[in-house]
Amino acid sequence: MSLIPSFFGGRTNVFDPFSRDVWDPLQGFPFNTLATSGSSLSNETFQLANTRIDWKETPEAHIFKADLPGLKKEEVKVEVEEGRVLQISGERSKEKEEKNDKWHRVERSSGKFLRRFRLPENAKVDQVKAAIENGVLTVTVPKEEVKKHEVKAVEISG
C-alpha cells in the first residue's frame, strides 16, 4: 500500500503523467470554494484561461490568431467595444450523449470563452477584418501610418 495517493487526497493515478487529475493544495480553503464546487463559473473561468491567442504586430497591422478547432464562424464573435477593446468570444457546444455511450476520457473542452485586448492608439478600429480557416481564427487590425516629423534647420543670424 502506497502512502502517496492517500497523502494527496486519495488519488489513484498520482504517477500517471497524462492524467488531468491535478492535486489542488488549496482545496478545502474558504476562498477557493468556486474552483472546488464544480460550478459553471469555475468551468467558464477555465475556458477563459484555456483559449490561446497570439498577437503580433507588423508594420501594417496588429494580427491576432486563435486556435479554435471544430468551431464554425457562426459560433465565434469578434467585436470592438468601448472604442479600442477587441473582444473575441464564442461557445463550443457539448457533444450529445447517448444512453448507451461509455466515456473513457473527456479532454476536449466545451463551454464559453472570452478574451479581451486593449488596442493601441494607432489601430484602425473601423477596418477590423476576421476570417476562420482550418480551425484558426485570424483577426487583422490595420494600423495608421505614423507621420514622421520633419526636422527643419533654422538659420542663426548674427
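Here is a short tour of this structure, from its overall make-up to a few residues worth a look. The model is a predicted one. Its secondary structure comes to three helices and seven strands, and from the N terminus on the elements run α-α-α-β-β-β-β-β-β-β. Strand β4, the sheet it belongs to and a cluster of aromatic rings get most of the attention below.

**Overall picture**

- The protein has 158 residues, and buried ones make up 22% of them.
- About 13,100 Å² of the protein is exposed, with carbon and sulfur atoms supplying 52% of that area.
- Among contacts with a separation of 6 or more, 51% are between residues 24 or more positions apart.

**The sheet around β4**

- Three strands, in the order β3-β4-β5, make up an open sheet with antiparallel pairing.
- At its edges are β3 and β5, each of which pairs on one side only.
- On average, and with direction ignored, neighbouring strands of this sheet are turned by 15° against each other.
- Strand β4 covers residues 85-92, and six of its eight residues are buried, so the rest of the structure largely encloses this strand.
- On one side, β4 pairs with β3 (residues 76-81) in the antiparallel sense over six bridges; here E79 stands opposite Q87.
- Together β3 and β4 form a hairpin with three residues between them, and E82 in the turn has a positive phi of about 50°.
- The pairing of β4 with β5 (residues 111-118) is also antiparallel and runs over eight bridges; K112 in β5 is the bridge partner of E91.

**Aromatic rings**

- The count of aromatic pairs comes to three.
- One of them is edge-to-face, because the rings of W55 and F117 have planes at 80°, with their centres 5.8 Å apart.
- W55 belongs to strand β1 (residues 53-57) and F117 to strand β5, so this pair ties together parts that are 62 residues apart in sequence.
- The two partners differ in cover: W55 counts as partly exposed at 37% relative accessibility, while F117 counts as buried at 10%.
- F117 also forms a tilted pair with F64, at 5.1 Å centre to centre and with 50° between the planes.
- Since F64 lies in strand β2 (residues 61-67) and F117 in β5, the tilted pair ties together parts 53 residues apart in sequence.
- Both F64 and F117 are buried.
- Through ring pairs, W55, F64 and F117 are linked into a cluster.

**The β6-β7 loop and β7**

- Most residues other than glycine have a negative phi.
- N134 is not a glycine, yet its phi is positive, at about 55°.
- This residue is found in the loop between β6 (129-133) and β7.
- With a relative accessible area of 75%, N134 is exposed, because the cut-off for that class is over 50%.
- T140 lies in strand β7 (residues 136-142).
- The relative accessibility of T140 is 29%, so this residue counts as partly exposed.
- Leaving aside neighbours within four places in sequence, T140 is in contact with A61, H62, I63, Q127, V128 and K129.
- Between the C-alpha atoms of T140 and K124, which are 16 residues apart along the chain, the separation is 10.0 Å.

Note on methods:
Residues are numbered from 1 along each chain as its sequence is written. This is a predicted model: local features need pLDDT of at least 70, side-chain atom pairs count only at pLDDT 80 or more; totals for chains, interfaces and linings use all residues. Side-chain values use heavy atoms; hydrogens and water are left out. Buried means under 20% relative accessible area, exposed over 50%, partly exposed in between (1.4 Å probe, protein chains only). Helices (H or I, at least four residues) and strands (E, at least two) are DSSP runs, numbered from the N terminus. Two strands pair if DSSP finds at least two bridges between them. Contact means heavy atoms within 4.5 Å. Accessible areas come from the Shrake-Rupley method with a 1.4 Å probe; for residues, only the protein chains shown count as cover. Axes are lines fitted to C-alpha atoms, for helices over the stretch in contact, and angles run from 0 to 180 degrees between N-to-C directions. Rings of Phe, Tyr and Trp (its six-membered ring) pair if their centres lie within 6.5 Å; planes under 30 degrees apart count as stacked, over 60 as edge-to-face and the rest as tilted.
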